[in-house]
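Got your viewer open? Load the model below and follow along, selecting as you go.

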Amino acid sequence: MNTVDAVVVGAGPGGSCAAAVIARAGYRVALLERGPSPGSKNMYGGVVYPRMLDALYPRWWEEAPVQRWVTRRSTMVLTDTQAVTLDMRTSNWGRPPYNGATAYRPDFDAWLAGKAEADGAELLCATTATGLLRHGSRIVGVTTDRPDGELLAPVVVACDGVNSFLAKEAGLHSPVDASNYTLGVKETLRLGRDVIDERFGVRDREGVDIEILGVTGGVNGGGFLYTNLDTVSVGVVLKLTHLAAQQQRPEELIAHLKSHPAIAPLVEGGELEEYSAHLIPEAGVSMMPQLATDGMLVVGDAAAMCLAAGIWLEGVNFAMASGMYAGEAIVEALTAGDMSAVGLAGYERRLERSFVLQDHRKLRNVPGLVLSDRVQHQYPQMIANTVERMFRVDNPLPKPGLRRIFTEERRRAGVKVRDLARDAWTGLRGLG
Amino acid sequence: MPDPDASRPERWPDISFEDRMATTVFDVHERAHIDVDSSVCDGCSTQRCVVVCPANLFVPTAEGGIVFNYEQCFECGACYLVCNEEGAITWTYPEGGHGVVFRRS
């Protein structure tokens with residue numbers, strides 16, 4: 001039986017950051033990955049915000065395997081025939097320290113795991129953690145599917161992703177509720193670098209991030225379109241319970257998005273390079289598990305730390321940050337020789353002080369708002385019709401005035417003033 | 001006048017579901033990591049797994065049951081989550097090193 005100082009399960013961004021911090025302090029840490037290589041099981045929309053890496057790997061941008069630096073950020077509201085787009089461009093995000101980047105997870109996660117290895121972590125790929133080892137109520141290691149596969153350690157870090165069977169086995173999650181999850185499905189389409197530069201109006205390594213509302217039919221959710229170097233990632237995020245109830249297939253909803261008159265000219269002719277899917281823990285703090293117990297911490301998606309708040313869609317950064325904080329707390333606990341939940345309390349203290357829990361708390365009502373029926377089915381029509389009429393020249397009729405247009409379109413969409421005010425308040429409180 | 005659309009690329013190179021799935025790499029292990037208790041499925045009126053599985057691995061039978069395939073599984077977990085009430089799907093990770101191998105995700 002092998003013994004180490006810490007076992008980190010899952011070599012995604014959270015696990016690799018945790019392992020790097022623990023290894024740097026001189027402790028022996030095993031980093032388990034069930035895929036043949038890190039990132040091979042991981043899929044996301046396509047944008048990572050790596051500034052958390054400043055602390056661990058200064059000038060990470062000189063070596064991180066990114067596709068393009070996001071310098072153009074659009075939010076689109078669609079109806080079947082209309083599109084209203086808020087489009088922001090800044091060349092400031094095209095130079096160090098950058099903001100967001102498109103990247104393929106098999107590239108990015110493998111790079112980050114390689115950095116953890118260079119820091120001294122022992123990476124074991126093709127190894128699935130199959131369960132927890134306990135001594136009384138303490139967690140003291142994991143079983144794996146390798147021959148002689150028990151691995152003992154005074155602390156286990158569950159970085160095992162959205163399904164986190166380890167955190168569930170430890171009893172840290174409330175009963176699972178399918179309505180807290182969305183399903184992300186995407187197509188990676190090859191278009192060629194020149195075609196992407198031309199269609200999206202970018203040059204060199206500049207990239208585009210487009211978030212889309214109102215295009216997922218009867219299923220509450222959203223769409224996305226990101227530019228990689230010579231491919232685009234296009235897909236939809238769908239409320240799992242709605243998808244089941246509406247009897248609509250995920251790939252049909254991608255096809256629906258791709259055929260929209262505002263999207264089709266951007267993606268047509270693209271050759272499918274890969275089709276992929278993944279679950280997203282969408283409900284934020286309301287679905288977060290207990291984050292620490294005797295001998296175990298929970299990090300990243302396993303702790304539902306994905307932020308799905310409409311205009312902010314982040315996850316990898318939350319995983320990296322929580323991984324680093326877990327690593328720091330474990331180093332403290334190993335030094336003090338106390339791996340109980342009390343000894344590991346530095347983890348939650350760090351999360352509380354940082355964006356990880358502060359952003360989630362501040363935006364706690366926003367994910368629900370974004371997936372609400374009004375935002376999904378009534379506001380897109382109200383917004384698009386208002387803007388269309390604002391710019392329509394109805395001569396010989398005089399201009400009706402924006403207030404009258406908006407009131408009429410609000411009524412036509414069946415939106416009550418009271419509900420609009422309440423939603424605006426929820427949204428503004430999240431923004432403020 | 002020449003057709004201005006003649007030189008445009010075909011909008012959707014029409015792709016069958018089989019060809020769509022062939023774009024993703026799977027290193028299949030002989031052990032099935034999904035198990036379905038079809039006796040439960042026979043009485044299931046919703047069969048939500050059939051709709052939500054992005055890989056379309058669950059197929060209803062004429063007798064009201066479900067046949068499934070584990071080989072092209074994305075390992076997302078949507079099936080067992082929507083099935084929770086019925087409890088017919090047992091879902092674990094495949095053997096280490098096996099299953100889906102994303103490259104462009």
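**First stop: an aspartate facing two chains**

Select A:Asp145 and show what surrounds it: leaving aside its neighbours within four places in sequence, A:Asp145 is in contact with A:Thr127, A:Thr128, A:Thr130, B:Glu95 and B:Gly96. Two residues are in contact here if their C-beta atoms, placed from the backbone, lie within 7 Å. Before you go on, note that this is a predicted model, in which local features need pLDDT of at least 70 and side-chain atom pairs count only at pLDDT 80 or more, while totals for chains, interfaces and linings use all residues. For finding your way, residues are numbered from 1 along each chain as its sequence is written, and chains are lettered from A and ligands numbered from 1 in the order in which they are written.

A:Asp145 sits in the loop between strand E10 (138-144) and strand E11 (151-152) of chain A. Helices (H or I, at least four residues) and strands (E, at least two) are DSSP runs, numbered from the N terminus. Is A:Asp145 buried or exposed? It counts as partly exposed, because it has 17 C-beta neighbours inside 10 Å. The cut-offs: a residue is buried if 20 or more other C-beta atoms lie within 10 Å of its own, exposed if 12 or fewer, and partly exposed in between, with C-beta atoms placed from the backbone. Now add A:Ala129 and draw a distance: its C-alpha is 6.7 Å from that of A:Asp145, with their positions 16 residues apart in sequence.

Stay in the loop between E10 and E11 and click A:Asp148. Its phi is positive, about 55°, although it is not a glycine. With 8 C-beta neighbours inside 10 Å, A:Asp148 counts as exposed.

**Where the chains meet**

Colour by chain. You should find 44 residues of chain A in contact with 33 residues of chain B. On the chain A side, the elements giving two or more residues are helix H3 (105-118), strand E13 (181-190), helix H6 (240-246), helix H7 (250-258) and strand E17 (271-281). E17(A) gives the largest share, nine residues. By class, this side of chain A has 21 nonpolar, twelve polar and eleven charged residues. In that count Ala, Val, Leu, Ile, Met, Phe, Trp, Tyr, Cys and Pro are nonpolar, Asp, Glu, Lys and Arg are charged, and the others, Gly among them, are polar.

Next, pick A:Ala245 in helix H6 of chain A. A:Ala245 is partly exposed, with 15 other C-beta atoms within 10 Å. Stretch a distance line to A:Asp109 and you get 35 Å between the C-alpha atoms, for two residues 136 apart along the chain.

**One helix, two partners**

Select helix H1 (residues 13-24) of chain A together with H3(A): they pack at an angle of about 10°, with their axes 8 Å apart. That makes them roughly parallel, a label for angles under 35 degrees (over 145 is roughly antiparallel, 65 to 115 roughly perpendicular and the rest oblique). Axes are lines fitted to C-alpha atoms, for helices over the stretch in contact, and angles run from 0 to 180 degrees between N-to-C directions. Show side chains for the contact, including A:Ala19 and A:Ala23 of H1(A) and A:Leu112 and A:Ala116 of H3(A). By class, the contact has seven nonpolar, one polar and two charged residues.

Now swap H3(A) for helix H9 (residues 316-336) of chain A, whose axis comes within 7 Å of that of H1(A) and crosses it at roughly 30°. H1(A) and H9(A) are therefore roughly parallel too. Among the residues in this contact are A:Cys17 and A:Val21 of H1(A) and A:Met320 and A:Met324 of H9(A). The residues divide into 13 nonpolar, six polar and one charged.

**Backbone oddities**

Most residues other than glycine have a negative phi, and most peptide bonds are trans. Try A:Arg59, with phi near 60°, in the loop between helix H2 (53-56) and strand E5 (68-78) of chain A. Then find the cis bond from A:Pro96 to A:Pro97, omega near 0°. Another cis bond joins A:Asn395 and A:Pro396, with omega about 10°.

**Zoom out**

Chain A has 15 helices and 21 strands, and 54% of its 432 residues are buried. Chain B comes to four helices and six strands, with 37% of its 105 residues buried.
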